[in-house]
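Hi,

Here is the structure I promised to pass along. Have a look at it first, and my notes follow underneath.

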Amino acid sequence: STIGGAVGSLIPKGPEQEPENSSSCREFVALLWYLANVEGVVSDQERETLNQLAGSLDDTYASYAEALEKECSAAFSSAVSEFGSQAAAKVEAQKIIESLDPAPIEAKLMCWNLLALANADGLDENELDYIRFVSEKAGVSRSVFEELRNYSDAVVEIGKARESLKASGRPYGEVEPLVNEYAERERIVLDSAQALISDR
């Protein structure tokens, strides 16, 4: 949620959107659902994170969330029988990307939020392969993809270190300056990620 929320405001959302932008948001969220299905089972943590990310991108997401999940699950299951789970996710994703033709900022935001979702329960090789494929098809260069991945990994590691520190049982006065230092590091990383995504 930290990763997605920091940059979710970079594209318009909600009632003020033009109709085609609203449709684009729906299709973008579908890419998140196909990522969640790559491993065959959508974990509760993935579903919660996906819903948070989708809500940050589209204020109207709740109105079509259930229908979209069912639609993506059905399309994915149908493609799995022909292609296998990993290829099925890519096949469905490519259809969406070709219909979207995302702008550079949207493509990088797409990559960022896919990384955020995959990190909800630990990024694995199949998920990384899917994200790399989607990013490439959307027009994100390999160097930008790797930079966004590094920023995403850094945020995750900082979050783990901060939670470990809070759970250490050390006195609050001793822990507080270190927690604040982690928060500042996280802010710097997120600012850098946002600058990269915003750069046209």
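Let me start with the charged pairs: there are 13 salt bridges in the structure. Keep in mind that this is a predicted model.

One of these salt bridges ties distant parts of the chain together, with arginine 162 in helix α8 and glutamate 186 in helix α9, 24 residues apart. Their side chains meet at 3.2 Å, N to O. Arginine 162 and glutamate 186 are both buried.

Two others sit within a single helix. In α5, lysine 95 pairs with glutamate 92, and their closest N and O atoms are 3.2 Å apart. These two are 3 residues apart in the helix, so about one helical turn separates them. Glutamate 92 counts as buried because its relative accessibility is 10%, under the 20% cut-off. The pair in α8 is lysine 166 and glutamate 163, at 3.9 Å from N to O. Again the partners are 3 residues apart, which means about one helical turn. Glutamate 163, though, is partly exposed, with 45% relative accessibility. There is also a network: Glu184, Arg187 and Asp191 are joined by salt bridges that share partners.

Now the helices themselves. α8 has 25 residues, and its end C-alpha atoms are 36 Å apart, which agrees with the 36 Å it should span at 1.5 Å a residue. The buried residues of α8 include Phe145, Leu148 and Arg162. α5 has 16 residues and reaches 23 Å from first C-alpha to last, close to the expected 22 Å. Just after α5, aspartate 101 takes a positive phi of about 50°.

α6 (residues 104-118) reaches 21 Å with its 15 residues, close to the 21 Å expected. Of those 15 residues, 13 are buried, so α6 is largely enclosed by the rest of the structure.

What about the nonpolar core? The largest one has 58 residues, and Leu31, Trp33, Tyr130, Ile131 and Val134 touch the most other members. Several helices give two or more residues to this core, among them α2 (19-37), α7 (125-138) and α9 (172-198). α6 gives the most, with 11 residues. Leaving aside residues up to four places away in sequence, isoleucine 131 touches Leu35, Cys111, Leu114, Leu115, Ala118, Leu123 and Phe145.

Last, the aromatics. A search of the whole structure turns up 1 aromatic pair. Tyrosine 61 and tyrosine 64 meet edge-to-face, 5.4 Å centre to centre and with 90° between the planes. Tyrosine 61 is buried at 4% relative accessible area, and tyrosine 64 is buried at 11%.

Cheers

Definitions and conventions. Residues are numbered from 1 along each chain as its sequence is written. This is a predicted model: local features need pLDDT of at least 70, side-chain atom pairs count only at pLDDT 80 or more; totals for chains, interfaces and linings use all residues. Side-chain values use heavy atoms; hydrogens and water are left out. Rings of Phe, Tyr and Trp (its six-membered ring) pair if their centres lie within 6.5 Å; planes under 30 degrees apart count as stacked, over 60 as edge-to-face and the rest as tilted. Buried means under 20% relative accessible area, exposed over 50%, partly exposed in between (1.4 Å probe, protein chains only). Helices (H or I, at least four residues) and strands (E, at least two) are DSSP runs, numbered from the N terminus. The expected span of a helix is 1.5 Å times one less than its number of residues. A nonpolar core is a set of buried Ala, Val, Leu, Ile, Met, Phe, Trp, Tyr and Cys residues joined through side-chain atoms within 4.5 Å. Contact means heavy atoms within 4.5 Å. A salt bridge is a side-chain nitrogen of Lys or Arg within 4 Å of a carboxyl oxygen of Asp or Glu.
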